[in-house]
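Colleague: I would like a close look at one part of this predicted model, the largest nonpolar core. Which of its residues touch the most other members, and which elements give residues to it?

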Amino acid sequence: MSYNVFDILRELDSIVDFARAKLQWDILFFINSRGPSSVSEIAEGTNNSKKAVIDAIRKLIEKELIIKVKYDVYDLSEKGKQVLNKLNYFTSHTVSTQNGVDGGNNVLSNIDNPSQNYYLLELIKMSLLNNGILPIDKVSRELGISKQTVKYYLELFMRKKIFKKVNKKSLLGKNVQTVVLTNEGRKIAYKVPSLIRIKNNLFLRLLLKMTFSISYESALMKLMVFFALSSPIIIYYDGDVPIRVIGILWLYMLVFTSLLSIFAYLTMR
């Protein structure tokens, strides 16, 4: 059976949002490789808490992608198997841009497994939110993987001509080698609805710039840490006039960033 690969990508993204549902994909991949598994096994295998796994499983059941076998043991449903089959089809075939835009050149070919597909989309998302540049250190921290793992995937995707290394001038005038998203990589991004929403999300981009982040989750974490650490100081020194002024500004900043975070989240949906 022949599929249009970008139609597959849109369908998969509409079922399990590539940009915001990593744990759900991890659970599907885990069950697919291990077979029927308990919550404890999934939590340990995906390195997540049981609470987070249970919440993700509930969403996957609602989407009819997994089923409860017995007690707390879960397996892929027929729909879940079909979704992974389509994902495997997407990742094992050459993806070309449609309508001859690129003159027939291949954009992506022979991706070996679904996890590579996930990291491809994560790296594209982070580069889009950072003006096409991919900072390896930040990517490593925010994805929770080692720099070596990031470099492994980057080398793989650079061979596919999705990313490339370029020399850029640093603030001190030195030449620094930087990884950037290529035009072929952008063509892939513009075919994924959730990535388009993120790229055009002005609220999210402002939030990320304010917090020096490249992901929504990281930005929220930094804001929570900042306000949690600063609030006791503001309260303790509230009697001093300078601190009172700072406290008012702090309060306005709290309200502003809270609203900004809400609007960023809503416009990602």
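**The largest nonpolar core and its surroundings**

Modeller: The largest nonpolar core has 26 residues, and among these Leu123, Ile124 and Phe163 touch the most other members. Two or more residues of this core come from each of these elements: helix H6 (114-128), helix H7 (136-143), helix H8 (147-159), strand S7 (175-181) and helix H9 (183-189). H6 contributes the most, with eight residues.

Ile124 can be followed further. If its neighbours within four places in sequence are left aside, Ile124 is in contact with Ile162, Phe163, Leu181, Gly185, Ile188, Ala189 and Leu195. Another core lies apart from this one; it has 21 residues, including Leu28, Ala43, Leu65 and Tyr74.

Two of the helices that give residues to the largest core, H7 and H8, also form a pair. Their axes come within 9 Å and cross at roughly 110°. Angles of 65 to 115 degrees count as roughly perpendicular, and H7 and H8 are therefore roughly perpendicular to each other. The crossing in which H7 passes H8 is right-handed. On the H7 side the contact is made by Ile136, Asp137, Val139 and Ser140, and on the H8 side by Lys147, Val150, Lys151 and Leu154. Sorted by class, the residues of this contact are four nonpolar, one polar and three charged.

A second pair of helices can be described in the same terms. Helix H11 (residues 202-211) and helix H12 (residues 216-236) have axes that come within 9 Å and cross at roughly 50°. This angle makes H11 oblique to H12, and H11 passes H12 in a left-handed crossing. H11 brings Leu204, Leu207, Leu208 and Thr211 to the contact, while H12 brings Tyr216, Ala219, Lys222 and Leu223. The classes here are six nonpolar, one polar and one charged.

H12 also holds Leu220. The relative accessible area of Leu220 is 26%, so this residue is partly exposed; the cut-off for buried is under 20%. Leu220 and Thr257 are 37 residues apart in sequence, and their C-alpha atoms are 9.3 Å apart in space.

Ser38 gives a case on the other side of that cut-off. Ser38 is in strand S1 (residues 37-38). With a relative accessible area of 12%, Ser38 is buried. Its contacts, leaving aside neighbours within four places in sequence, are with Asp72 and Val73.

Some totals place these parts in the whole chain. The secondary structure comes to 13 helices and seven strands. The chain has 269 residues, and buried residues make up 43% of them. Of the contacts in the chain with a separation of 6 or more, 57% are between residues 24 or more positions apart.

To return to the request: Leu123, Ile124 and Phe163 are the residues that touch the most other members of the largest nonpolar core, and H6 is the element that gives the most residues to this core.

How values were computed
Residues numbered from 1 in each chain as written. Predicted model: local features only at pLDDT ≥ 70, side-chain atom pairs only at ≥ 80, totals over all residues. Heavy atoms only, no water. Core = buried A, V, L, I, M, F, W, Y, C linked by side-chain atoms within 4.5 Å. Buried < 20%, exposed > 50% of the residue type's maximum accessible area, 1.4 Å probe, protein only. Helix = DSSP H or I, 4+ residues; strand = E, 2+ residues; numbered from the N terminus. Contact = heavy atoms within 4.5 Å. Axes fitted to C-alpha atoms, helices over the stretch in contact; angles between N-to-C directions. Parallel < 35°, antiparallel > 145°, perpendicular 65-115°, else oblique. Left-handed = near helix turned anticlockwise from the far one by under 90°. Nonpolar A, V, L, I, M, F, W, Y, C, P; charged D, E, K, R; others polar.
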